[in-house]
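Here is a set of short exercises to work through with the viewer open. Try each task yourself before you read the solution.

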Amino acid sequence: MIRHIVFFTVRDPGDLDRVREGLTLLSRIPHSSHWEVGPNLHADMLTEAPVDLVVYAEFTDEAALAAYKAHPLYQRSIDIVKPLRETRIAADIEAMAPTPG
């Protein structure tokens, strides 16, 4: 399983809802087994990372993630979000099997 995590910082706080709406388009792409977007709770007091929104999705494999990124709604979301965001940091990791015990 691939975990896809993306952090967004919005340039103007007044655009936060519009960015979230643009990101929510991604939830309509059928290739993820789990998908969500939510505000950063700013609970990490060790950094001053100005992350506003986080997208978290799970994919069965790299092919499903590639299909997700190739879907037309993915580009539509980019067209809405990119002009309004300051920062985008994405990470994809392979989920490790749980250890017994």
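The exercises below concern a predicted model, and they go from the overall layout to single residues.

**Exercise 1. Layout**

Task: Find how many helices and strands the protein has, and in which order the elements run.

Solution:
- Step 1. Count the elements: there are three helices and four strands.
- Step 2. Read them off from the N terminus, which gives β-α-β-β-α-α-β.
- Step 3. Look at the overall extent. Along the principal axes, the C-alpha atoms fill a box of roughly 45 × 40 × 15 Å.
- Step 4. Turn to the contacts with a separation of 6 or more: 75% of these join residues 24 or more positions apart.

**Exercise 2. Strand pairing**

Task: Work out which strands pair with S3, and in what sense.

Solution:
- Step 1. Start with S1, which pairs with S3 in the antiparallel sense over seven bridges. Within S3, Ala-57 is the residue opposite His-4.
- Step 2. Go on to S2, whose pairing with S3 is antiparallel over six bridges. Here Pro-39 stands opposite Leu-53 of S3.
- Step 3. Check the burial of S3 (residues 53-59). Five of its seven residues are buried, so the strand is largely enclosed by the rest of the structure.

**Exercise 3. The buried side of H3**

Task: List the buried residues of helix H3 and decide how they are arranged around its axis.

Solution:
- Step 1. H3 spans residues 72-81, and its buried residues are Leu-73, Tyr-74, Ser-77, Ile-80 and Val-81.
- Step 2. Look down the helix axis. The buried residues of H3 fall within an arc of 125°, so they line one face of the helix.
- Step 3. Ask what lies over them: the cover includes strand S1 (2-10), H1, helix H2 (62-70) and strand S4 (85-94).

**Exercise 4. The nonpolar core**

Task: Identify the residues with the most contacts inside the largest nonpolar core, and the elements that give two or more residues to this core.

Solution:
- Step 1. The largest nonpolar core has 23 residues, and Leu-23 and Tyr-68 have the most contacts inside it.
- Step 2. Two or more residues of this core come from each of S1, H1, S2, S3, H2 and H3.
- Step 3. Follow Leu-23 outward. Beyond its neighbours within four places in sequence, Leu-23 is in contact with Phe-8, Trp-35, Val-37, Leu-53, Val-55, Ser-77 and Val-81.
- Step 4. Keep a general tendency in mind: in soluble globular proteins, nonpolar side chains tend to be buried together.

**Exercise 5. Salt bridges**

Task: Find how many salt bridges the whole structure holds, and describe each pair.

Solution:
- Step 1. The search finds three salt bridges.
- Step 2. Arg-11 and Glu-86 meet through their side chains at 3.2 Å, N to O. Arg-11 is in the loop between S1 and H1 while Glu-86 is in strand S4, so this pair ties together parts 75 residues apart in sequence. Glu-86 is partly exposed, at 48% relative accessible area.
- Step 3. Arg-18 and Glu-21 form another bridge, at 3.6 Å, N to O. Both residues lie in helix H1, three residues apart, about one turn of the helix. Arg-18 is partly exposed at 40%, and Glu-21 is partly exposed at 47%.
- Step 4. Lys-69 bridges to Asp-92, with the closest N and O atoms 3.7 Å apart. Since Lys-69 belongs to helix H2 and Asp-92 to strand S4, the pair ties together parts that are 23 residues apart in sequence. Lys-69 has a relative accessible area of 34% and Asp-92 one of 39%, so each counts as partly exposed.

**Exercise 6. Two polar residues**

Task: Decide whether Thr-24 and Ser-32 are buried or partly exposed, and say what each touches.

Solution:
- Step 1. Thr-24 lies in helix H1 (residues 16-24). With a relative accessible area of 33%, Thr-24 is partly exposed.
- Step 2. The side chain of Thr-24 reaches the backbone oxygen of Arg-20 at 2.7 Å. Not counting residues up to four places away in sequence, Thr-24 touches Trp-35 and Val-37.
- Step 3. Ser-32 sits in the loop between H1 and strand S2 (34-39). Buried means under 20% relative accessible area, and Ser-32, at 18%, is therefore buried.
- Step 4. Setting aside residues up to four places away in sequence, Ser-32 touches Glu-58 and Phe-59.

Technical notes. Residues are numbered from 1 along each chain as its sequence is written. This is a predicted model: local features need pLDDT of at least 70, side-chain atom pairs count only at pLDDT 80 or more; totals for chains, interfaces and linings use all residues. Side-chain values use heavy atoms; hydrogens and water are left out. Buried means under 20% relative accessible area, exposed over 50%, partly exposed in between (1.4 Å probe, protein chains only). Contact means heavy atoms within 4.5 Å. A polar contact is a pair of N or O atoms within 3.5 Å; within protein, one must be able to donate a hydrogen and the other to accept it, and residues adjacent in sequence count only if both atoms are side-chain atoms. The arc is that of the directions from the helix axis to the C-beta atoms. A salt bridge is a side-chain nitrogen of Lys or Arg within 4 Å of a carboxyl oxygen of Asp or Glu. Two strands pair if DSSP finds at least two bridges between them. A nonpolar core is a set of buried Ala, Val, Leu, Ile, Met, Phe, Trp, Tyr and Cys residues joined through side-chain atoms within 4.5 Å.
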